[in-house]
Amino acid sequence: MIAVIDYDAGNIKSVEKALLLLGQEVVITKDRDTILKADKVILPGVGAFGDAMANLRERGLDKVIHEVVAREIPFLGICLGLQLLFERSDESPGVKGLGVLKGKILRIPDQEGLKIPHMGWNSLELRGNGRLFQGVPQQSYVYFVHSYYLKAEDENIVKASTEYSTHIHASVESGNVFACQFHPEKSSDVGLKILKNFVEL
């Protein structure tokens, strides 16, 4: 069973739909025991860093996520779900992230001819043999929607990057923790392959 954490932060239905397409049993939940009993856990997210952290803390889900990580249950953060795993974000100064991983979330720099938010398909440069990307070709295109991006402190955890006005760390892997800045659930066959790799870990 895969638990998708519900903290009122959008795009949950599209994640659920993609997982059902892969034949998975999916529960959308904010219940601690259900989350901790799951085989895999997904933290989706669309919206603002500060609001999302407030919602997680209000429901005690920040502590549950730390428990999931400690118990080594495979965990996937998607989009804002990636950003929340880190320490802080330019989007919400003074708000502490989950701090599961070390790094900063920065605003994508303005560049003439490029729109922010970055919305659309970008190719991935894969490196370091990431488990999410087994069987995914180099330079595959995936779908992004974001105004802020990750700069991870430890480059070794970065398994995919992309370029949009700057160098963006697009996916990370550390132990049982995985995260993607892009939306695998909206990235066609490539995205489904990435989610399939996650559910088959």
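Start with the whole protein chain and its contacts: among those between residues at least 6 apart in sequence, 69% join residues at least 24 apart. Keep in mind as you look around that this is a predicted model.

**The whole chain**

Show everything as a cartoon. You will find 6 helices and 13 strands in the protein chain. The C-alpha atoms fill a box of roughly 50 × 40 × 30 Å along the principal axes. The radius of gyration is 15 Å, which agrees with the value near 17 Å for a compact globule of 201 residues. Now switch on the surface. The protein chain exposes about 9000 Å², and carbon and sulfur atoms supply 48% of that area. Of the 201 residues, 54% are buried.

**The sheet**

Next, select the strands E2-E1-E3-E4-E13-E12-E11-E8, given here in their order across an open sheet of 8 strands with mixed pairing. Which strands stand at the edges? They are E2 (26-29) and E8 (125-126); each has a single partner strand, so one side of each is left without a neighbour in the sheet.

Move on to residues 75-78 and 177-180. These are strands E4 and E13, paired in the parallel sense over 4 bridges. To see one residue pair here, pick Gly77: its bridge partner in E13 is Ala179.

Now add residues 188-199, which form helix H6. This helix lies across E1 (2-5), E3, E4 and E13, and runs at about 140° to E3.

**Helix H3 and its cover**

Select residues 49-58 for helix H3, where Phe49, Gly50, Ala52, Met53, Asn55 and Leu56 are buried. What covers these buried residues? The cover includes strand E3 (40-43), helix H4 (61-70), helix H5 and strand E5 (88-89). Then click on Gly60, which follows H3 and has a positive phi, near 75°.

**Two glutamines**

Select Gln83, in helix H5 (residues 80-83). Gln83 counts as buried, at 4% relative accessibility. Leaving aside neighbours within four places in sequence, the contacts of Gln83 are Phe49, Glu91, Ile105, Tyr148, Tyr149 and Gln181. Phe49 may look familiar, as one of the buried residues of H3.

Follow that list to Gln181, in the loop between E13 and H6. Is Gln181 buried or exposed? At 0% relative accessibility, Gln181 counts as buried. With neighbours within four places again left aside, Gln181 is in contact with Cys79, Leu82, Gln83, Phe144, His146, Tyr148, Tyr149, His169 and Ala170. Tyr148 and Tyr149 are thus on the contact lists of both Gln83 and Gln181. For a look at distance in sequence and in space, draw a line from Gln181 to Gly81: the two are 100 residues apart in sequence, with their C-alpha atoms 8.0 Å apart.

**Two cysteines**

Finish with Cys79, one of the contacts of Gln181, and with Cys180. How many disulfides does the structure hold? The count is 0. A disulfide is a covalent bond between the sulfur atoms of two cysteines. Why does Cys79 not form one? The closest cysteine sulfur to that of Cys79 is in Cys180, 10 Å away, which is too far for a bond; the cut-off used is 2.5 Å. Cys180 is likewise in no disulfide, with the sulfur of Cys79 as its nearest. Colour both by accessibility: Cys79 is buried at a relative accessible area of 6%, and Cys180 is buried at 0%.

Methods: Residues numbered from 1 in each chain as written. Predicted model: local features only at pLDDT ≥ 70, side-chain atom pairs only at ≥ 80, totals over all residues. Heavy atoms only, no water. Buried < 20%, exposed > 50% of the residue type's maximum accessible area, 1.4 Å probe, protein only. Helix = DSSP H or I, 4+ residues; strand = E, 2+ residues; numbered from the N terminus. Contact = heavy atoms within 4.5 Å. Pairing = 2+ DSSP bridges. Axes fitted to C-alpha atoms, helices over the stretch in contact; angles between N-to-C directions. Rg over C-alpha atoms; globule rule 2.2 N^0.38 Å. Areas by Shrake-Rupley, 256 points an atom, 1.4 Å probe, with all protein chains shown as cover.
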